[in-house]
Amino acid sequence: MSNKGGDILLVSERTLSGATAVGNKQNQASRVAQSATLQEEKAASMDGFFGNVSNFSKMPVSDWWESTAYFNSEKERTYVNWITEMEHDSEIKNLLIRGDHGAAKPCKVLDLSNQAHAASNLKKAYPNLECFVHCESRAVAETYEEKKYPLIITVGDNSEIPYPEASFDLIMMLANSIALYKDPDSVLRDANRVLAPGGRIFIIASHYEFSREHTLPGRRWDWIDQFAFVCHEKKLDVKGLVSDKFFQEWVFSSAHLQEIFESAGFSILCDEKIFGTEDDDNQVLKLSTRKMVASKVTDTNPKAVEPDCAKNILSLAKPRMLHQDDLFESLVLILGDPSQPCVGKLNNTWNSEDFVTREKLVNALEELGYSTDSNLSVLDGHSTLHESLKRLPKNKGHFVFNLCDEGFDNEALKELHVPAILEMLRLPYSGAGPNCLAHCYDKGLVNRTADAIGVPTPKETFFFSNVRTPAVSNICQLDKVIRERINYPAFIKPIKGDNSLGITPRSIVHNLKELESYMHELNDIGIRDVVVQEYCQGTEYGVGMIGNLASGFHFFPVLEVDYSKIVARKLPPILGFESKWDPTSPYWSEISYKPALISDKVKSELHSWCIALWERFGCRDYARFDFRSDFGRGDGFEKAGERKGTIKLLEVNPNPGWCWDGKFAYMGKFENLDYKDVLGLILKAARDRTALEEEKHAGKVTQQEQ
């Protein structure tokens with residue numbers, strides 16, 4: 001940011017922990033003696049502002065230093081007051097109460113204050129709210145996660161908010177948090193991106209003119225000179241220890257605040273002084289003297305945005321590419337066992353295409369910097385897998401790239417066994433853990449869970465050939481349930497399964513005769529338990545994402561399945577067994593993928609659903625979510641009076657297909673990422689996650705030792 005004639009007082013936050021109060025008592029005149037030091041510090045920083053000063057502890061007078069203590073109770077009281085101020089705004093109040101009785105979609109709130117007190121208190125006061133927190137401190141996020149606040153918390157740069165356009169109805173920047181951003185302009189621009197039309201942004205910021213006039217020496221906040229406004233906090237931790245922190249902040253004049261908000265695309269609706277007494281007890285509130293409410297300036301004639309593969313216009317966070325410094329010391333690649341049959345593949349065996357796919361995988365990893373001669377091991381013999389892993393050299397840092405989606409011993413039901421072995425051997429690995437894989441293998445469990453958290457799912461019922469249930473006791477009763485609650489055509493698929501086994505064009509049934517016929521066909525291949533759903537006949541979409549909640553997500557452009565050639569052949573438009581395993585089938589050769597043309601609102605909903613599903617099932621590093629509209633496109637561009645389709649969840653895919661020509665790789669191509677880049681992004685997300693886990697574990701060990 002540039003110098004605005006003294007409007008901005010400091011460039012950035014600088015925090016020093018563990019300082020000790022030293023020195024004899026000084027009076028106000030002592031600042032004159034510090035003049036030479038101050039000028040040296042200013043000369044070393046840009047635009048005459050303080051940067052990372054060499055000895056912050058010598059700058060304040062010692063009586064101010066020693067006089068204050070800061071406690072959480074005061075902070076909590078302050079946040080409650082700010083919530084009251086929000087409620088004074090009628091538009092914000094309407095947002096907060098929206099959805100109280102289920103009549104409308106609940107308000108989604110994003111807190112960018114780098115702490116979660118306000119969001120937590122809001123959630124207590126308005127349980128219907130969907131509250132999210134995005135902060136720059138991993139330590140802060142972990143603190144709130146340990147307290148089990150009912151919030152979704154992500155960590156990352158405040159100028160790269162990991163959510164899609166128009167995601168939130170209310171954004172909060174409290175506690176003068178705007179003063180702590182490294183680049184307030186960029187943060188406000190990204191906040192504008194994720195704020196929905198008609199939404200509000202609520203800010204509590206320092207009132208430059210009032211603070212300059214009323215802040216007295218010897219308090220928590222103090223002016224070192226006309227440029228420097230600093231804070232001293234003494235805070236008791238759970239062990240009764242005192243930590244001392246000093247930091248400095250931006251302070252904005254009214255004119256400059258208005259300028260940066262308008263340049264970021266906001267219209268200021270309210271800017272008023274709300275606090276400012278000179279009481280000792282109100283020293284924290286002295287900073288909180290300006291309340292601002294702003295709305296998004298919207299285009300009166302919005303236009304549909306065509307997907308542009310050359311630009312990453314549909315992703316949320318910048319892809320964090322893998323560099324040489326990010327390579328694991330030893331990468332252990334686990335794959336399916338080609339020496340054993342593999343039920344689900346064509347003829348239950350390995351085909352030439354499988355070996356070509358493996359070769360392309362290893363070649364891509366070598367392009368990233370790995371080599372089978374040094375830092376890359378390939379393990380695909382399952383009879384000796386456990387022993388091979390135990391024999392890995394102890395003097396290397398091993399990381400397992402788990403791409404064994406065939407399952408242990410090539411049994412899909414045992415896909416979870418591989419990460420379970422890795423857990424027992426305490427080896428870090430990529431992708432989902434055993435619990436996530438177990439849950440997502442059961443399609444009935446996935447859909448019922450998704451429905452419970454508000455993600456639309458097809459109407460469905462279950463049928464067990466060997467067990468009578470109170471809901472459906474026989475095939476004739478199943479036919480009745482379909483006619484009364486689901487409607488024909490219905491779609492039949494195994495309740496548990498992988499590789500699209502049991503999913504063919506005949507899965508679509510139109511009457512009792514076709515229902516009985518396909519159930520017999522499934523019984524012949526050992527599939528006896530099925531989920532029977534409404535057949536969604538509209539456009540099919542795929543959403544791919546890489547990352548983790550703690551570090552933020554990268555969403556690929558939404559994928560659309562192009563069935564136009566299949567429909568021209570008068571074949572049912574589905575992605576079934578033939579599309580994955582039969583090169584002689586038109587489903588193999590004539591289905592293609594393309595970037596989806598959908599509205600920002602629909603894209604935002606899809607991303608929001610995926611984050612919720614990711615969190616609920618415990619996905620890690622990468623996942624793909626498949627959806628389909630029950631009718632039409634469901635793209636959000638329907639004309640007035642036109643029937644609108646509802647996009648519904650088909651499947652949750654933790655550890656989705658990694659093949660060079662699979663959906664996930666195609667999504668990367670939509671933004672000019674080649675196969676190795678996509679693999680590198682997955683490994684980078686896994687590396688970031690494991691690094692955080694190691695830091696957290698090391699911190700716990702240190703605490704136990706103390």
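Trainee: Which residues of strand 12 point the other way from S330, V332 and I334?

Mentor: The model is predicted, so local features need pLDDT of at least 70 and side-chain atom pairs count only at pLDDT 80 or more, while totals for chains, interfaces and linings use all residues. Residues are numbered from 1 along each chain as its sequence is written, and side-chain values use heavy atoms, leaving out hydrogens and water. Strands (E, at least two residues) and helices (H or I, at least four) are DSSP runs numbered from the N terminus. S330, V332 and I334 take one side of strand 12, and the other side belongs to L331 and L333.

Trainee: How many of the 5 residues of strand 12 are buried?

Mentor: Buried means under 20% relative accessible area, exposed means over 50%, and partly exposed is in between, with a 1.4 Å probe and protein chains only. Strand 12 is largely enclosed by the rest of the structure, because the buried residues among its 5 number 5.

Trainee: Which strands stand at the edges of the open sheet that holds strand 12?

Mentor: Two strands pair if DSSP finds at least two bridges between them. The open sheet has 3 strands in the order 13-12-14, with parallel pairing. Each edge strand has a single partner strand, so one side of each is left without a neighbour in the sheet; the two are strand 13 (376-379) and strand 14 (398-402).

Trainee: Over how many bridges do strand 12 and strand 13 pair?

Mentor: L331 of strand 12 stands opposite L376 in strand 13, and L333 has V378 as its bridge partner. Strand 12 covers residues 330-334, and its parallel pairing with strand 13 runs over 4 bridges.

Trainee: What angle does the direction of helix 12 make with that of strand 12?

Mentor: Axes are lines fitted to C-alpha atoms, for helices over the stretch in contact, and angles run from 0 to 180 degrees between N-to-C directions. Contact means heavy atoms within 4.5 Å. Helix 12 (residues 352-368) packs on the sheet and touches strand 12, strand 13 and strand 14, and the angle between its direction and that of strand 12 is about 165°.

Trainee: Is the β-α-β crossover from strand 12 to strand 13 right-handed or left-handed?

Mentor: A crossover is right-handed if, with the strands pointing away from the viewer, the path from the first strand over the helix to the second runs clockwise. On the other flank of strand 12, the parallel pairing with strand 14 spans 5 bridges, and I334 stands opposite N402 there. The chain goes from strand 12 through helix 12 to strand 13, and this crossover is right-handed.

Trainee: What kind of aromatic pair do F132 and F168 form?

Mentor: Rings of Phe, Tyr and Trp (its six-membered ring) pair if their centres lie within 6.5 Å; planes under 30 degrees apart count as stacked, over 60 as edge-to-face and the rest as tilted. By this rule there are 13 aromatic pairs. The ring centres of F132 and F168 are 5.3 Å apart and their planes stand at 75°, so the pair is edge-to-face.

Trainee: How many residues apart are F132 and F168?

Mentor: F132 belongs to strand 3 (residues 130-135) and F168 to strand 5 (residues 168-173). The pair links distant parts of the chain, with a separation in residues of 36.

Trainee: Which residue joins F132 and F168 in a cluster of ring pairs?

Mentor: F132 is buried, and F168 is buried at a relative accessible area of 0%. A further edge-to-face pair involves F168, at 5.2 Å centre to centre and 90° between the planes; its partner is Y163. The cluster linked by ring pairs contains F132, F168 and Y163.

Trainee: How far is K360 from the ring centre of W660?

Mentor: A charge sits over a ring if NZ of Lys or CZ of Arg is within 6 Å of the ring centre and within 35 degrees of the ring normal. R620 is one case, with its charged end over the ring of Y429 at 4.7 Å from the centre. K360 lies over the face of W660, and its distance from the ring centre is 4.6 Å.

Trainee: What is the relative accessible area of K570, which has a positive phi?

Mentor: Most residues other than glycine have a negative phi, and most peptide bonds are trans. K570, in the loop between helix 19 (564-568) and helix 20 (577-581), has a phi of about 60°. K570 is exposed, because its relative accessible area is 76%.
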